[in-house]
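Here are a few exercises to work through with the model open beside you. Try each task before reading its solution.

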Amino acid sequence: MSPNMTLSWVLALVPEIGLLVLLAVVLLYDRLIKPEERRRIGLVTAWGAFIILVAMIGLWIGTGEPNNATGIGESLLWGDMIRFDLAALVFRVMFLVALMLTALISLDVERLQKGEYYALLITGTIGFSLMAASADLIMVYVALETASISSYILAGFVTKEQRSSEAGMKYFVYGAFATGVMLYGMSLLYGLTAQTNLYVIGSMFLGAQGIPAEVNAVLLLAAVMIVVGFGFKISAVPFHFWTPDVYEGAPTPFTGFVSTASKAAGFAVFLRVFMAGVLGATGTPKDHPAMWWAMLVAMTIITMSLGNFVAIFQSNIKRMFAYSSIAQAGYLLIGLVTLSPDGSGATMFYLLMYIFTNIAAFGVIVIVSNRIGSDELKDFSGLSRRSPYLALVMLFALLSLSGIPPTAGFFGKFFLFRAAVDAGLWWLALIGILNAFVALYYYLSAVKYMYLYRSEEEDDPIPVSRGAKVGLAFSLFFILYLGIYAGPAFEWTREAATAFFALAG
Amino acid sequence: MEFPFLSIIVLSPIAAAIIILMMPKERGENARMLALATMLMSLILSGYMYVAYNQNLPEMGTRWADTLMFVEEHAWVPSIGVNYILGVDGMSATLVLLTAIVGLGGVMISWRIDDRPREFMAFFMLLVAGVQGVFTAVDGFLLFFFYELAVLPMYVMIVIWGWKVTREYAAMKLTLYLLIGSFISFIAFLVLYFTPVDGGAALRTFDLRIWSEANFPFAIQQIWFLPLFLGFAVLAGVWPLHNWSPDGHVAAPTAVSMIHAGVLMKLGAYASMRVGIQILPEGTVYWMPFIIFLTIINVIYGSLVAMRQRDMKYLIGYSSVSHMGLVTMGFAAMNSQGFLGAGIQMVSHGVMTALFFSVVGMIYDRAHTRNMDDLDGMSKPLAWLVVPFIIGGLVGMGMPGLSGFLAEFPIFLGVWRGGSLNLSGTIFGLNPANYYPIIAIISALGIIITAAYIMRAVGKVFFGEYQGDKWHDMRPLFALDKVALVMFSVILIVIGVFPSVIAPIVQSGMAPVVQRLNDAQHAANFLDTVQTAATNLFIWLGGA
């Protein structure tokens, strides 16, 4: 922990600094332009996110930082508050991509053409980005709140609509409660160790022989409570109740954002807190499974199964996607409960591909429902005749979600299940696979609506603006690219995931 | 670098599909031409490969890895042992050629699809690419990848262009059956991937060349053979997992039925042989005497149900179940005759059902019914259909001089000889030596039922009084239809009259698998103790 500020101190916050600048630009720009040119705010946001993304990756390639060779001490910066490692970088890439794509698909939604909307998206992204890097319980909490508060407002952004206000309120009440419980868990952890830094706490438990039973009990309680907060963020069962209502009521582009970036950020802290050392050090499933591990496995199974089974019965496409995203959280947890770098890497790869896939799907929903003013599944009938392009993007997004080649989801699931079998959890992989089939049923039903059923408005084509087209094409490209040539991306996430296990060596 | 025959055969349909999708809407004609050109090219390439392989047949007793030709190898996700490896042995070279033929026939038959022809051709190309990929993959992961790739276009094509009455139900059923089966196989894949071999480290590769020589512990083989084999055998229509198949055949548009019954079901048989039998020979020896009971049910039950059908497509669908049962039965014989017969049966049945389905499709396009009670005297307006249909029927009955005989006779011979299986103990309290000959006799009797339902269909549909005023849409056949019919008929006859065009190459492809099984039988000391059926089952359940 060098007391002198070095270049890496700044490097570590490049995306946050960039986003802050972008935030100022967007707010000023909003004041300066004519009302009829408001659509451009979204374009500015998208370009800004893109530039920050390129700058961040450019700096990473140019300076070679972060990398796995840096020790824990050197990579903890800003008063040990954040850790600048590869894992943080990978997650930040995800958030910036999500911000960019969300901005692109929001462009043409008239009621969202406001500076505040994009400003809140940006502050949310700042929160996510900090969550991914935070290495201290306090920082975890502050970052999480930064992200959450933006999200609450965004969910209720369309004040004229009752559904939206309800979504915002529900999200807020639920979220505040969950975070409160999480905070209590964190304070228990602090009470046990008198430390807030994750890595310091981790090293205290690492290798400690014979933790007293009463300490173990409190530790378990702390773990359970922290899981409440994180489980809420990733919408795992039983903390999923807000998901369908918020997804349905919130403005659709934001739903795409919350289902991807917010989930990814949730997993970022989940992985870091549980793998980086605090609790991860208590054991791997092979030697002595901890209690919280068993709880997480149960949560995994229930999350996937409930999400998939309930999704079958949805008639509103946004609600269907809400339950689908619950189920996806279940698959993602498989990688987490393997407690291995391979598994965490698989989770990160899955999140990466999930961002492209889900935002592509929501992009199509946004464009279609913007035109037809409904997001009922049956109103998607005849989409393949009204706009073959949109139908094709949706088809590949659905295939990717159900894990069928040649899409990214296939590799995503493959890596997860592979990690599970490697950890000796072949039955968990089997449950995952059976779930994937339940999911296939409703994903294919959506395909059926688009391609098979006819509607009366078939001759009325759905126009797609250029910005949205670019966003969708970008996502589609990556869905297919990661589905055919997944190797390098997986290597990258797997290497990044080893950063979580730096303590365990 | 050598000329990448296999990559072109596998990937050119995908390229064609992408180009077709990007064409503007009005240019359906170009989509067809492109699809036809792609299929012609892959027919020429695979024909060349077939001839080339035939001239360089590997000697008996060569390792499987050395019998592969046209091998291409590229890294894909190297760190976890997934590579892009293509190659063909005798069996797969034959099946690649079969796919090219049936694919070409499929494009010809669906020349006049008028609802969204671009999408139809694009998905059809994807389907062909998936099938060719499975036949040529030498990497387990790649095989699985293409297998999934083949199933999905089936769903879309059945749902969009299928028979309106049952298409949604049938397509969903088919997709779920096949994907569940294959994914269960895949779990077994992963387990093998992580299982230590010969007391050493785990293989951690999907390279089938390495797997085909690995000796997995018997306990693993015993547990995982069933999931691995049956998961793929779902696609081969093994009873009681055959249920998706007649429904799928019926609901699919003609070209898809052809590919589906003609080639896709072979995919199941091929994959279950390539990864199930070849990788886990001891598991095969352990379970096959049990699985043969399923196959006999396939053969007899399939043809009995076919007997009852009025809808021509259902009739052929169930006859497929019955004939594919013979393929699995050939595997279950576990000797070279059985495998040879199974291999030829795959080809013969592939061409035969493609022929059947194209005939039925042509009748249905004109009569708008497939009900055999309504159809009468079709020989009058559609004279071109009679002879091919009868040839197909005779093949199905195993008439000497046609390919069916060449396929079915070795299978029965193999099963009969399976009685001398070198098993030192008993399985499920039964010794194969006691019942294999009986199974051979019963299944040979099944052929009589086949003869009965084929005769019935021919009589009802083609002969009898032709009521010209009943049909308002009775057009003559198109030239391309005739070309396809003649092509299929000629192949069936040529194989039957000149067995030497196919038997040696199939035999060379099957020899390494049979060799593996023989070795496993000699090493079969695990059967020393006499166990009852119940204890066997408990051991299996407990182990799992």
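**Exercise 1. Confidence**

What pLDDT does chain A average, and what percentage of the residues score at least 70?

*Solution.* Keep in mind that this is a predicted model. Start with the mean: chain A averages a pLDDT of 86. Next, the share: 94% of the residues score at least 70. Then look for a weak stretch, and you'll land on residues 283-288 of chain A, where pLDDT stays under 50. For that stretch the model has 8 contacts beyond four places in sequence. Where pLDDT is low, the predicted coordinates should not be read in detail.

**Exercise 2. Sizing up the two chains**

Work out whether the radius of gyration of chain A agrees with that of a compact globule, then turn to chain B.

*Solution.* Chain A first. It contains 21 helices and 2 strands. A compact globule of 505 residues would have a radius of gyration near 23 Å, and chain A comes in at 22 Å, so the two agree. The C-alpha trace of chain A spans about 70 × 50 × 40 Å along its principal axes.

Now chain B, which has 20 helices and 2 strands. Its radius of gyration is 22 Å, close to the 24 Å from the globule rule for 544 residues, so chain B is as compact as a globular protein of that length. Its C-alpha trace spans about 75 × 50 × 45 Å along the principal axes.

Add burial: 60% of the 505 residues in chain A are buried, and in chain B it's 59% of the 544. Finish with contact range. Of the chain A contacts between residues at least 6 apart in sequence, 80% join residues at least 24 apart. For chain B, residues 24 or more positions apart make up 80% of the contacts with a separation of 6 or more.

**Exercise 3. Where the chains meet**

Which element gives the largest share of the side of chain A that touches chain B?

*Solution.* Count the contact residues: 24 residues of chain A are in contact with 24 residues of chain B. On the chain A side, the elements giving two or more residues are helix H18 (408-422), helix H19 (426-451) and helix H21 (487-498) of chain A. The largest share, 10 residues, comes from H19(A). As for chemistry, that side of chain A divides into 19 nonpolar, 1 polar and 4 charged residues.

**Exercise 4. One helix up close**

Is helix H14 of chain A mostly covered or mostly exposed?

*Solution.* Place the helix first: H14(A) runs over residues 317-337, 21 residues in total. From first C-alpha to last it reaches 30 Å, close to the 30 Å expected at 1.5 Å a residue. Then check burial: H14(A) is mostly covered, with 21 of its 21 residues buried. Just after H14(A), look at A:Leu339, which takes a positive phi of about 50°.

**Exercise 5. Two methionines in chain B**

Why does B:Met33 count as partly exposed, and what does B:Met157 touch?

*Solution.* B:Met33 sits in helix H2 (residues 28-55) of chain B. It has 13 C-beta neighbours inside 10 Å, so B:Met33 counts as partly exposed. Its C-alpha is 9.3 Å from that of B:Val107, 74 residues away along the chain.

B:Met157 belongs to the largest nonpolar core, which has 404 residues, and is one of those with the most contacts inside it. Others on that list include A:Met94 and A:Met131. Leaving out residues up to four places away in sequence, B:Met157 touches B:Phe120, B:Phe123, B:Phe124, B:Ala252, B:Pro253 and B:Val256.

How values were computed: Residues are numbered from 1 along each chain as its sequence is written. Chains are lettered from A and ligands numbered from 1 in the order in which they are written. This is a predicted model: local features need pLDDT of at least 70, side-chain atom pairs count only at pLDDT 80 or more; totals for chains, interfaces and linings use all residues. Two residues are in contact if their C-beta atoms, placed from the backbone, lie within 7 Å. Helices (H or I, at least four residues) and strands (E, at least two) are DSSP runs, numbered from the N terminus. Ala, Val, Leu, Ile, Met, Phe, Trp, Tyr, Cys and Pro count as nonpolar, Asp, Glu, Lys and Arg as charged, and the others, Gly among them, as polar. The expected span of a helix is 1.5 Å times one less than its number of residues. A residue is buried if 20 or more other C-beta atoms lie within 10 Å of its own, exposed if 12 or fewer, and partly exposed in between; C-beta atoms are placed from the backbone. The radius of gyration is taken over C-alpha atoms; the globule rule is 2.2 Å times the number of residues to the power 0.38. pLDDT is the predictor's confidence in each residue, from 0 to 100. A nonpolar core is a set of buried Ala, Val, Leu, Ile, Met, Phe, Trp, Tyr and Cys residues joined through C-beta atoms within 7 Å.
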